[in-house]
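Trainee: Could you take me through the salt bridges slowly, and then on to the sheet and its surroundings? I would like one connected account.

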Amino acid sequence: MNVRIDETDRKILAALQQDASRSLDDIAREVGSSKTPVWNRIRKMREAGIIGQHTVVLDAETLGFEACFFVLIRTSEHEADWQARFLKALQDRPEVQEAHRLAGDIDYILKVRVENARAYDKFYQALISEVRVHNVTALLSMEQIKSTTMLPL
């Protein structure tokens, strides 16, 4: 779906990306409008699917999730039944923050956040007990250099 947004919509989206907890008055003032038109634009962008769920960003390390692994998965299984089991296994595991199906030599990449290497091994053992994979490579992130959810509007 290709939805048209104008410069005011972009300003509203940029303000929401920076801090969605700001008041409507604050956002309206920043974009040079009044509260009601800004609210109507936000509502329309929600209905169009431009704006998704509202959430907060937590600090994983402060909460004890110090290890971030990028897990590369190669499989020789491509049947619908295997894919459904694999998708369910990923959805059932809160450690999986992101999962992508790739083009190229690697079939899937996962971003997995856990407390430590032992917790990753527990995750890994549980995953391979549920779905068969050809090869799994886990890469430990030594340092997060950049992380954002903001789009370049």
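Mentor: There are ten salt bridges in this structure, which is a predicted model. Side chains of opposite charge can pair when their charged atoms come close. Three pairs and one network will do as examples.

Start with helix α3, which spans residues 35-47. Arg-43 and Glu-47 are both in this helix, four residues apart, or about one turn. Their side chains form a salt bridge, with N to O at 3.4 Å. Arg-43 is partly exposed, because its relative accessibility is 31%, and the cut-offs for that class are 20% and 50%. Glu-47 has 60% relative accessibility and so counts as exposed.

Helix α4 has a pair of its own. Asp-81 and Arg-85 are joined by a salt bridge in which the closest N and O atoms are 2.6 Å apart. Because these two residues are four apart in helix α4, about one helical turn separates them. Asp-81 is exposed at 52% relative accessibility, while Arg-85, at 36%, is partly exposed.

Next, a pair that is not inside one helix. Arg-93 makes a salt bridge with Glu-130, and the closest N and O atoms are 2.5 Å apart. Arg-93 is in the loop between α4 and β2 and Glu-130 is in helix α5, so the bridge ties together parts that are 37 residues apart in sequence. Arg-93 has 9% relative accessibility and therefore counts as buried, since buried means under 20%. Glu-130 is partly exposed at 40%.

Salt bridges can also be linked into a network here: Asp-6, Asp-9 and Arg-41 are connected in this way.

Now for the sheet. Four strands make up an open sheet, in the order β2-β3-β1-β4, and the pairing is antiparallel. At the edges are β2 (96-101) and β4 (135-140), each of which pairs on one side only. From one strand to the next the twist averages 20°.

Two helices can be placed against this sheet. Helix α4, residues 80-91, packs on the sheet and touches β1, β2 and β3; the direction of α4 makes about 20° with that of β3. Helix α5, residues 117-130, lies across β1, β2, β3 and β4 and runs at about 135° to β3. The salt bridges already described can be put back into this picture: Asp-81 and Arg-85 belong to helix α4, and Glu-130 belongs to helix α5.

Strand β1, residues 67-74, deserves a closer look. Seven bridges connect β1 with β3 (residues 108-114), and the two strands run antiparallel. Along that pairing, Val-71 is opposite Leu-110 and Cys-68 is opposite Arg-113. Six bridges connect β1 with β4, again in antiparallel fashion, and there Leu-72 is opposite Thr-137. In a regular strand the side chains alternate between the two faces of the sheet. As for cover, six of the eight residues of β1 are buried, so the strand is mostly covered.

After β1 the chain enters the loop that leads to α4, and Thr-75 lies in that loop. Is Thr-75 buried or exposed? With a relative accessibility of 8%, Thr-75 counts as buried. Leaving aside residues up to four places away in sequence, Thr-75 touches Trp-82, Asp-107, Tyr-108, Arg-132, Val-133 and His-134. Of these, Trp-82 falls within the range of helix α4, and Tyr-108 within that of strand β3. Ala-48 gives a contrast in space: Ala-48 and Thr-75 are 27 residues apart along the chain, and their C-alpha atoms are separated by 36 Å.

The other side of β1 in sequence is a loop that begins after α3, and Leu-58 has its place there. Leu-58 is exposed, because its relative accessible area is 62% and exposed means over 50%. Which residues share a nonpolar patch on the surface with Leu-58? Val-56, Leu-63 and Phe-65 do, and the four together have about 410 Å² of accessible area. Thr-75 and Leu-58 thus mark two cases to compare on the model: Thr-75 counts as buried, whereas Leu-58 is exposed.

Methods. Residues numbered from 1 in each chain as written. Predicted model: local features only at pLDDT ≥ 70, side-chain atom pairs only at ≥ 80, totals over all residues. Heavy atoms only, no water. Patch = residues over 30% accessible without salt bridge, like charges linked within 9 Å, V, L, I, M, F, W, Y side chains within 5 Å. Areas by Shrake-Rupley, 256 points an atom, 1.4 Å probe, with all protein chains shown as cover. Buried < 20%, exposed > 50% of the residue type's maximum accessible area, 1.4 Å probe, protein only. Pairing = 2+ DSSP bridges. Axes fitted to C-alpha atoms, helices over the stretch in contact; angles between N-to-C directions. Contact = heavy atoms within 4.5 Å.
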